[in-house]
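Trainee: I would like to go through the labels used for this model and the reasons behind them. Can we take them one at a time?

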Amino acid sequence: MKILLLNLPSDIHCARVLHRSNLNKPGYRWPPVDFVCLSGFLWEAGFNVDYKDFQLEGDIAVWDYLKGHSYDFIISTYSPFFEEQDLRLLQEIGRVHPHIRIVLLANHSDRLEPDHPKQVLKAHPFICAMIYDYAHHNVASFMEKGPSGDLFNVLLMKNGNLQGRIDPIPRKAAIPVPRHDIFISDSYFHYDSVGGRLTSTMSSFGCKQQCPFCWGPKLYPAVAVRTAENLILEMEYIVSCGIREVYFNDLTFAYDRKTVLEFCRSMIARRIRLRWFCSSRFDLMTAETIEAMAQAGCRCIEFGLESGNYPVRKLYGKDFPDSTVDKVLRLCK
């Protein structure tokens, strides 16, 4: 079975992913981490997987590309900002290539608005299913056997009703090693890159904080952490693909200190040489954690300070004193 992971074209640069939708041209651009994580599941099931990011490859049209390729399924992103535009394009793809079954990868609206998946699937019958969670699902079973059996985090319409239950990710998670080799592009970069190809992944899913400006905890109110060994296997595969830099697209990196330290020690012990970047919080960092991350190849931690004024900062969910900020920045330096 052959599957295309499709990032649709757009007049405005917008990485159509669940965790980030960057409008205009950002100072960083990495492979859509939703697709990266999903690719491992499809590979493990024995599917032939291709990936096309038509926001990077503007010199070829979707139609021209599909003329020369044959797919059983297209799994497509779609943007909460350009929903109807994206769905019209997918409907036209389905009309021109009726043998291809089209699956949507859920976006922010699908998770933040409880009735949204049903509304989208009901109004667009050419969509055969929606993958509600790219990190925990049985989409491979759906693709092989159809809508029979017990589907979790794969949603579809049947007799006017929404089918498929929504399951949370297990707290200790392990996902199949993603197919990083199909996401290689010189157009992906991080603002702290020094050269070498970049990929993205996630070491955890979710956030326990309730910062009022952030929708992240509403998507994943609990934190699921990948095991250190599961991450190490992925890092070794990344190196074998000739990739030299990794962005960890966690909502908040280093929630589970024990797992992070185990991961870093394994990176050092196995001599896995990668430059990597992440986002975290000041109140999660310790001298031990920062030292371990630095020795394991971390070269940039993005922090959301929000304000240099503590009372203002506290209002934005960052309840840590200036002394913590000062200490952590000095340790990072």
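Mentor: The protein chain has 12 helices and 14 strands. Keep in mind that the model is predicted.

Trainee: How do you know that the radius of gyration of the protein chain agrees with a compact globule?

Mentor: With 333 residues, the globule rule gives a value near 20 Å, and the protein chain has 20 Å, so the two agree. Buried residues make up 54% of the 333 residues.

Trainee: What makes F35 and Y51 an edge-to-face aromatic pair?

Mentor: By the pairing rule there are 16 aromatic pairs. In the pair of F35 and Y51, the ring centres are 6.1 Å apart and the planes meet at 75 degrees. Centres within 6.5 Å make a pair and planes over 60 degrees apart count as edge-to-face, so both conditions are met. F35 lies in helix α1 and Y51 in strand β2, 16 residues apart.

Trainee: Why is Y51 called buried?

Mentor: Its relative accessibility is 11%, and buried means under 20%, so Y51 qualifies. F35, at 0%, is buried because it also falls under 20%.

Trainee: Why is the pair of F248 and W276 called edge-to-face?

Mentor: The angle between the planes is 75 degrees, which is over 60, so the label applies; the centres are 5.3 Å apart, within 6.5 Å. F248 is in strand β12 and W276 in strand β13. Both residues are buried, and they form one aromatic cluster with F253 and F263.

Trainee: Why is Y316 called partly exposed?

Mentor: Y316 has 39% relative accessibility, between the 20% and 50% limits, so it is partly exposed. Y316 sits in the loop between α11 and α12 and belongs to a nonpolar surface patch with F213, V312 and L315.

How values were computed
Residues are numbered from 1 along each chain as its sequence is written. This is a predicted model: local features need pLDDT of at least 70, side-chain atom pairs count only at pLDDT 80 or more; totals for chains, interfaces and linings use all residues. Side-chain values use heavy atoms; hydrogens and water are left out. Patches are made of residues with over 30% relative accessible area and no salt bridge: like charges are joined within 9 Å, nonpolar side chains (Val, Leu, Ile, Met, Phe, Trp, Tyr) within 5 Å. Accessible areas come from the Shrake-Rupley method with a 1.4 Å probe; for residues, only the protein chains shown count as cover. A salt bridge is a side-chain nitrogen of Lys or Arg within 4 Å of a carboxyl oxygen of Asp or Glu. Helices (H or I, at least four residues) and strands (E, at least two) are DSSP runs, numbered from the N terminus. Buried means under 20% relative accessible area, exposed over 50%, partly exposed in between (1.4 Å probe, protein chains only). The radius of gyration is taken over C-alpha atoms; the globule rule is 2.2 Å times the number of residues to the power 0.38. Rings of Phe, Tyr and Trp (its six-membered ring) pair if their centres lie within 6.5 Å; planes under 30 degrees apart count as stacked, over 60 as edge-to-face and the rest as tilted.
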